[in-house]
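Trainee: I've got the sequence and the model open on my screen. Can we go through them together, one question at a time?

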Amino acid sequence: MLSRLSRPRTLALCALPVLALFGTAALAPLPFTLAQPGTTANVLGDDKGTPVITIKGTPTRTTEGRLLMTTIIATGPDADVGIADIADSWFRGDRAVMPRDSVYPTGDSEKEIEQHNLKDMRDSQNSAVEAALNHLGKKPGSVDVTLHLEDVGGPSAGLFFSLGIIDKLVGDGSGGDLTGGRTVAGTGTIDADGTVGAVGGVSLKTQAAHRDGATVFLVPKAECGQAKAEKPEGLRLIPVTTLKDAVSSLRALEQGGEVPSC
C-alpha cells in the first residue's frame, strides 16, 4: 500500500541524498593542487655560497642589479585536498587552485616526479646556455658555463639563466648592466633557438617578485592576461616571446626607449 506524503516531507526526504552527497564531497580528497608564491633566486648572485652562474674561457664583468627567477610552492602529489581547502583558496589572491595533472604527471610517484623535475631543470639549463651563446655569437667549445641552483626543479628558470649569462658577458652592450641596476624578475622556458615558452602559475610568481623587491617582471606573452589578473601595484609587466625580445626590452627600458607592455 502506498501512502501519500505531504510536500514539505517529500522535499525533506529528497534533500537527504543531496546533503549526503555534499557531506561526502566535503570529506573526500579531490584531484587538485593548491599553490602559492614561492621563493626567488638571483641568478647573478650566489646559491648557498656557490655562484649560480660560473663562466670560464672568456672575460666576465661585475654586475649590478638583480635578475630574479621565480617559483611557486604547491601541495605534494599525494596531498589530500578537500572542498573546504578549495573554497578557502578560491577567494584568496595569494593562492591558486590547479588541476593536479597540470602540475604533476599522472601516476608517477613523488620520487619519480622529483627526478622528472630535476631532469627538466638540467635540460633547461643546457638550453639556456646554448640560447645565450647563440645570441652572442659565441661557440660553446671556447666558453665553459656552469649553472648551479639547488632545491629548484622544472624548466621555468630558462629565460633568466640566459639573461644572467648575457649580463655577465656583455651587459647591455654599451658598458652598462642589462638590468640597469634594477631588480628584474620573471619567468619563462627557453629553447636553444631563443624561443620563450609559457610556464603556469604566473599570477603567483608576480607576487613573489614584488615581495622580493622587483619593479619589472618579464612574462611570456601568452600569459599576459594571467599576470595582469593579480598584478601587484608598482610592478611593470613586459611581454616576451624570444630571448632577443627580452634583451631588447631591457635595453630600451634603460635607455628610455619604447618598451612593450601587457
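Mentor: Sure, and one term up front: two strands pair if DSSP finds at least two bridges between them, where strands (E, at least two residues) and helices (H or I, at least four) are DSSP runs numbered from the N terminus. This is a predicted model, so local features need pLDDT of at least 70 and side-chain atom pairs count only at pLDDT 80 or more, while totals for chains, interfaces and linings use all residues. Residues are numbered from 1 along each chain as its sequence is written, and side-chain values use heavy atoms, with hydrogens and water left out.

Trainee: Over which residues does pLDDT stay under 50?

Mentor: pLDDT is the predictor's confidence in each residue, from 0 to 100, and its mean for the protein is 84. Where pLDDT is low, the predicted coordinates should not be read in detail. The stretch with pLDDT under 50, for which the model has 6 contacts (heavy atoms within 4.5 Å) beyond four places in sequence, is residues 1-28.

Trainee: What is the strand order in the open sheet?

Mentor: There are 6 strands with mixed pairing, in the order β6-β1-β5-β8-β11-β12. β6 (96-99) and β12 (236-240) are the edge strands, each pairing on one side only. From one strand to the next, the twist averages 35 degrees. So, reading across once more, the order is β6-β1-β5-β8-β11-β12.

Trainee: Which residue in β11 stands opposite V184?

Mentor: Strand β8 covers residues 183-186 and β11 covers 216-220. They pair in the parallel sense over 3 bridges. Opposite V184 stands V216.

Trainee: Which residue's side chain has a polar contact with T183?

Mentor: T183 sits in strand β8 and is buried, at 15% relative accessible area; buried means under 20%, exposed over 50% and partly exposed in between, with a 1.4 Å probe and protein chains only. Beyond its neighbours within four places in sequence, T183 touches residues including L68, D212 and G213. A polar contact is a pair of N or O atoms within 3.5 Å; within protein, one must be able to donate a hydrogen and the other to accept it, and residues adjacent in sequence count only if both atoms are side-chain atoms. At 3.3 Å, the partner is R66.

Trainee: How many of the 10 residues of α6 are buried?

Mentor: Helix α6 (residues 202-211) lies across β1, β5, β6, β8, β11 and β12. Among the buried residues are V202, L204 and A208. The helix is largely enclosed by the rest of the structure, because the number buried is 8.

Trainee: Which residue forms a salt bridge with K48?

Mentor: A salt bridge is a side-chain nitrogen of Lys or Arg within 4 Å of a carboxyl oxygen of Asp or Glu, and by this rule the count is 6. K48 lies in the loop between β2 and β3, its partner in the loop between β7 and α5, so the pair ties together parts 102 residues apart in sequence. K48 is exposed at 60% relative accessibility. With the closest N and O atoms 3.4 Å apart, the partner is E150.

Trainee: R61 and D167 meet in a salt bridge; is D167 buried or exposed?

Mentor: Their N to O distance is 3.4 Å. R61 is in the loop between β4 and β5, and D167 is in helix α5, 106 residues apart. R61 counts as partly exposed at 22%. At 0% relative accessibility, D167 is buried.

Key:
Axes fitted to C-alpha atoms, helices over the stretch in contact; angles between N-to-C directions.
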